Amino acid sequence: MAMTEHSSVVSPLLTDLYQISMAYAYWKSGKHQEESTFDLFFRKNPFGGEFTLFAGLEDCLKFVQNYKFQTSDIDYLRKALPDYIEKEFYDFLSTLDMNDIRIYAMPEGSVAFPRLPLLRIEGPLLKAQLLETTLLTLVNFASLVATNAARFRTAVEPQKILHEFGLRRAQGPDGGLSASKYCYLGGFDGTSNVLAGKLYGIPIRGTHAHAFVSSYQNLDELKVRELSDRITGESRPFAQLCLKYLDELGSILKIFPDQTSKGELAAFIAYAISFPSGFLALVDTYDVLKSGVPNFLAVALALHECNYEALGLRLDSGDLAYLSLRVRANFVEVAQKFNLSYIEHLNIVASNDINEDTLHSLEKQGHAIDTFGIGTHLVTCQKQPALGCVYKLVELNGKPCIKVSQDIEKVTIPGRKNVYRFYDSNGEALCDLMTTTDESEPIPGTRKLCRHPFYETKRAYVTPTTVQTMYKLYWANGQIQHALPTWQEVRIYAQQQIKTVRKDHRRNLNPTPYKVSVTDHLYLFLHRLWMNSVPIGELA
Ligand SMILES: Nc1ncnc2c1ncn2[C@@H]1O[C@H](COP(=O)(O)OP(=O)(O)OP(=O)(O)O)[C@@H](O)[C@H]1O
Ligand SMILES: O=P(O)(O)OC[C@H]1O[C@H](OP(=O)(O)OP(=O)(O)O)[C@H](O)[C@@H]1O
Ligand SMILES: O=C(O)c1cccnc1
Ligand SMILES: [Mg+2]
């Protein structure tokens, strides 16, 4: 399945009023058919980093493919817009489609850098203009949260499992669903969001909450106390077995079996009877080391006697590094005493307000956590709430357009451009080179002058071992031009792309800026146009 389900609110009215106002003014003044090119790009990487993951392309293509003002949309506009809007404009809008628009883009999941167009939109001015806000809203959060997830991913060792638990804290239902989708792209392994699992095929994962533990006061409340042996099918007195093992654990773990919470034990027993092959217990409701872990291990050993293996436990408070190490030490002791080596390797899941800095700190301290469950700070992008993608007109009727600014970073790079990524012999990215579309493609093994777009003295010769052409034509003649990859393939591509970015560009503290350069031809073109666009002052 290439295309995944799409939010139903993504439609032509999901835009800013000024797009429709401009559309009318273009139409009224006879400019609507003029041939335009817009670039969609950002100026600064998020989170103080030096890379961004580009996401949201499939949603953009689906939006363009389904672009149609519904009768109710037109009726609403007639009421909402001024009376003097000519009625023929509404007739024009009601038949509008995006079939003569062309969209060039980087593949979804590409690593992107400032000033590179992520999308290049070409076609009639009115139509290309109408797409601005919706394309931005589809790309900005998707790329931001995917990049956030990728940063969390790089903060931990590759074999660690990351689960996204953010739905309850996300910016509304659509924010939650988008976060689950794009965190998976960024390298998370699963989500607690069940709808995201259904829509996007993301593995759904989860444990249980404190409420399940608190819902039991004591063992008498257990209505079911038996469990059938997985192999023989024979009914076993499961609750009794758990109490027997709890007693044995007293001297091994140096705890008092009578002091563990019996409500907690009852909850674990009930949960294990319900999920004998999927038992993962939340152990911090009362006291992790004196109650939660002994109760958990007692149930795990009883499960073993019934030919099942427990999965692990979750820590949700306290010092996660210290507690995880103590828990692992308990696992090692029990594994040795009972000669059950898998007990040593049971999964330790940690959650509770984890952010990127916590992950880096935990890695430095040393810990025994296998899986991180992360919600709030991941999905709300705590470090930076928005990516600043913009949409700028760069060419009209074959003539380049430039937006000048006092702030050099805000000057747009005019004209239709291509982007090439240069790689060294290790497959690491050296720099990106922007060219005008009439320049020839750079050739691998050939030296090329790469210039900073704005600073004359910053330039270098680069000889790439390989060259990646970053754009593909994705939308033309009213059709998606490439069979789109599956969501799994996009995720794999994103993970491969991140590995091509040198470690010093990826580190979290003061990363080295990646070079985004232009050819000599584009440099001269840009600066000539810039000069011509700025009037010469006169001092009296
Ligand atoms: N070893 C650690 N190093 C750095 N940060 C940690 C470590 N262990 C836990 N944290 C973080 O410290 C914070 C602790 O949260 P908080 O102060 O709310 O305490 P708590 O353990 O949740 O207490 P409570 O029992 O009240 O829930 C969390 O953000 C958690 O991710
Ligand atoms: O901490 P996050 O990264 O957002 O991860 C998700 C959190 O959601 C759940 O509890 P919730 O926060 O609802 O309640 P609690 O903090 O009292 O456990 C869970 O136990 C995690 O703590
Ligand atoms: O499954 C979990 O453990 C979970 C799910 C959502 C939020 N917090 C935890
Ligand atoms: Mg919490």
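Modeller: A residue counts as near a molecule if its C-beta atom, placed from the backbone, lies within 6 Å of that molecule. Keep in mind that this is a predicted model.

Colleague: Fine. Which residues are around ligand 1?

Modeller: Ser317, Gly318, Asp319, Leu320, Ala321, Asn352, Asp353, Ile354, Thr358, Ser361, Leu362 and Gln365 surround ligand 1. Two helices, H13 (320–338) and H15 (356–365), each give at least two residues to that shell. H15 supplies the largest share, with four residues.

Colleague: How many of the residues around ligand 1 are nonpolar, polar and charged?

Modeller: There are four nonpolar, six polar and two charged residues. Gly318 sits in that shell, and glycine goes with the polar class here.

Colleague: And what surrounds ligand 2?

Modeller: That shell holds Phe165, Arg168, Arg169, Asp316, Ser351, Asn352, Asp353, Ile354, Gly373, Ile374, Gly375 and Thr376. By class, the shell of ligand 2 has three nonpolar, five polar and four charged residues.

Colleague: On to the backbone. What makes the phi of Arg115 worth a look?

Modeller: Phi of Arg115 is near 75°, a positive value, and the residue is not a glycine. Most residues other than glycine have a negative phi. Arg115 belongs to the loop between strand E4 (111–112) and strand E5 (119–124).

Colleague: Why is Arg115 called buried?

Modeller: The cut-off for buried is 20 or more other C-beta atoms within 10 Å. Arg115 has 23, so the residue is buried.

Colleague: What about Asn397, buried or exposed?

Modeller: Exposed takes 12 or fewer; Asn397 has 10 other C-beta atoms within 10 Å, so it is exposed. Asn397 also has a positive phi, about 50°, and lies in the loop between strand E14 (390–396) and strand E15 (399–400).

Colleague: How do you know that E14 and E15 pair?

Modeller: Pairing needs at least two bridges. E14 and E15 have two, in the antiparallel sense, so they pair. Across from Leu396 stands Lys399 in E15.

Colleague: What makes E15 an edge of its sheet?

Modeller: The sheet is open and has seven strands in the order E15-E14-E1-E5-E3-E21-E22, with antiparallel pairing. E15 and strand E22 (479–480) each have a single partner strand, so one side of each lacks a neighbour in the sheet.

Colleague: Which strands does E3 pair with?

Modeller: Strand E3 (residues 102–105) pairs antiparallel with E5 over four bridges, and with strand E21 (residues 472–476) over three, also antiparallel. In detail, Ala105 stands opposite Leu119 in E5, while Tyr104 has Leu473 of E21 as its bridge partner.

Colleague: Now the largest nonpolar core. Which residues have the most contacts inside it?

Modeller: Leu118, Val145, Cys242, Ile269, Val299 and Ala302, in a core of 147 residues. Helix H6 (residues 132–155) gives this core its largest share, 13 residues.

Colleague: Why do you say that this core lies between domain 1 and domain 2?

Modeller: Because domain 1 (17–149 + 384–533) and domain 2 (207–350) both give residues to this core.

Colleague: What does UniProt list for residues 311–412?

Modeller: An unreviewed entry there lists "domain: Nicotinate/nicotinamide phosphoribosyltransferase" for that span. In the model, residues 311–412 are 36% helix and 21% strand, with their end C-alpha atoms 54 Å apart.

Key:
Residues are numbered from 1 along each chain as its sequence is written. Chains are lettered from A and ligands numbered from 1 in the order in which they are written. This is a predicted model: local features need pLDDT of at least 70, side-chain atom pairs count only at pLDDT 80 or more; totals for chains, interfaces and linings use all residues. UniProt positions are given in the numbering used here, feature names are shortened, and annotations may be inferred rather than shown by experiment. A nonpolar core is a set of buried Ala, Val, Leu, Ile, Met, Phe, Trp, Tyr and Cys residues joined through C-beta atoms within 7 Å. Domain bounds come from an automatic or database domain assignment.
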